[in-house]
Amino acid sequence: MFKNLKILDEKDKRLRLISKEVTFPLSKEEKESIKDAMEYLKYSQIEEYEKKYNLRAGWGMSAIQIGIDKRWFVIVEEQEDKTFKNYFFANPKIISNSTEKIYVEQGEGCLSVNREVPGIIPRYARVTIEAQDINGKKFKLRLREDLAICVQHEIDHLNGILFIDRIDKKNPYKDAELYRAI
């Protein structure tokens, strides 16, 4: 059953916390929260449910966005065949990145920022992330483009940073010509 989650708004001070390391094994409650976050993201990307439940579409969600002070996040990516690929990252670290930077041309969004914010956020085009899976097993994953941006956005959440903090207030499109738009 789909659970409509209470997502913290940008004004909530908890979003500015540096999240605590995840310890394993995960509790039943923690696993349930992860499942709920993945389900929410999946339904938010299906137009019928997005309208029915008044959801804002999202790809990623960090634990702190639902009030859990832990270093984990999930990403749910719709595939070309209309299925969904779920990712779970605990205690993630970017261990390498490209020199090339990119930005989301229409601007980044966030489930915790319920407004349009013009501007660009230069992000690495490719990153290698080291993290732990739901059972605590370490893994490495190389990600590109959209997924690389999403991972960087979610890691920012774990460090108390919102995407709006990364936009130059005086010149929101500063140096856009130096980076590739996607």
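Trainee: Which helix gives the most to the lining of the largest pocket?

Mentor: Helix α3, residues 145–158, gives the most to that lining, with 5 residues. Please bear in mind that this is a predicted model.

Trainee: How is such a pocket found, and which residues lie nearest its centre?

Mentor: Rolling a probe the size of a water molecule over the atoms shows where empty space is left. Here the largest pocket holds about 550 Å³ of space. Its lining consists of 20 residues, and A57, G58, W59, E108 and G109 are those nearest the centre.

Trainee: Where does E154 lie, and which side chain of opposite charge is nearest to it?

Mentor: E154 belongs to helix α3. The nearest side chain of opposite charge is that of R123, 8.6 Å away; E154 is buried and has no salt bridge. A salt bridge would require a distance within 4 Å between a side-chain nitrogen and a carboxyl oxygen. Beyond residues up to four places away in sequence, E154 touches G60, M61, S62, Q65 and F73.

Trainee: What polar contact does the side chain of E77 make?

Mentor: The side chain of E77 makes a polar contact with the side chain of Y87, at 3.3 Å. E77 sits in strand β2, residues 72–78. This glutamate is also buried without a salt bridge, and K85, the nearest side chain of opposite charge, is 5.9 Å away. Setting aside neighbours within four places in sequence, the contacts of E77 are W59, T83, F84, K85, Y87 and L147.

Trainee: Is I18 buried or exposed?

Mentor: I18 counts as exposed because its relative accessible area is 61%, and the threshold for that class is over 50%. I18 is located in the segment before α1. Even so, I18 touches D69, R71, L158 and N159, with residues up to four places away in sequence not counted. The C-alpha atoms of I18 and Y179 are 29 Å apart, and 161 residues separate the two along the chain.

Trainee: What should one note in the backbone, beginning with the peptide bond from F24 to P25?

Mentor: That bond is cis, its omega being near 0 degrees. P25, like I18, is placed in the segment before α1. Two residues other than glycine deserve attention for phi. E145, in helix α3, has a positive phi near 50 degrees. D175, in the loop between α3 and β8, has a positive phi of about 60 degrees.

Trainee: How exposed are E145 and D175?

Mentor: E145 is partly exposed, with a relative accessible area of 22%. D175 is likewise partly exposed, at 30%.

Definitions and conventions:
Residues are numbered from 1 along each chain as its sequence is written. This is a predicted model: local features need pLDDT of at least 70, side-chain atom pairs count only at pLDDT 80 or more; totals for chains, interfaces and linings use all residues. Side-chain values use heavy atoms; hydrogens and water are left out. Helices (H or I, at least four residues) and strands (E, at least two) are DSSP runs, numbered from the N terminus. Buried means under 20% relative accessible area, exposed over 50%, partly exposed in between (1.4 Å probe, protein chains only). Lys and Arg count as positive and Asp and Glu as negative; His and the chain ends are not counted. A polar contact is a pair of N or O atoms within 3.5 Å; within protein, one must be able to donate a hydrogen and the other to accept it, and residues adjacent in sequence count only if both atoms are side-chain atoms. Contact means heavy atoms within 4.5 Å. On a 1 Å grid over the protein atoms alone, a cavity is a set of points where a 1.4 Å probe fits but cannot get out, and a pocket is an open set with protein on both sides within 12 Å along at least five of seven lines; lining residues have an atom within 4 Å of a point. Grid points are joined across faces, edges and corners, and a volume is the space filled by probe spheres set on the points.
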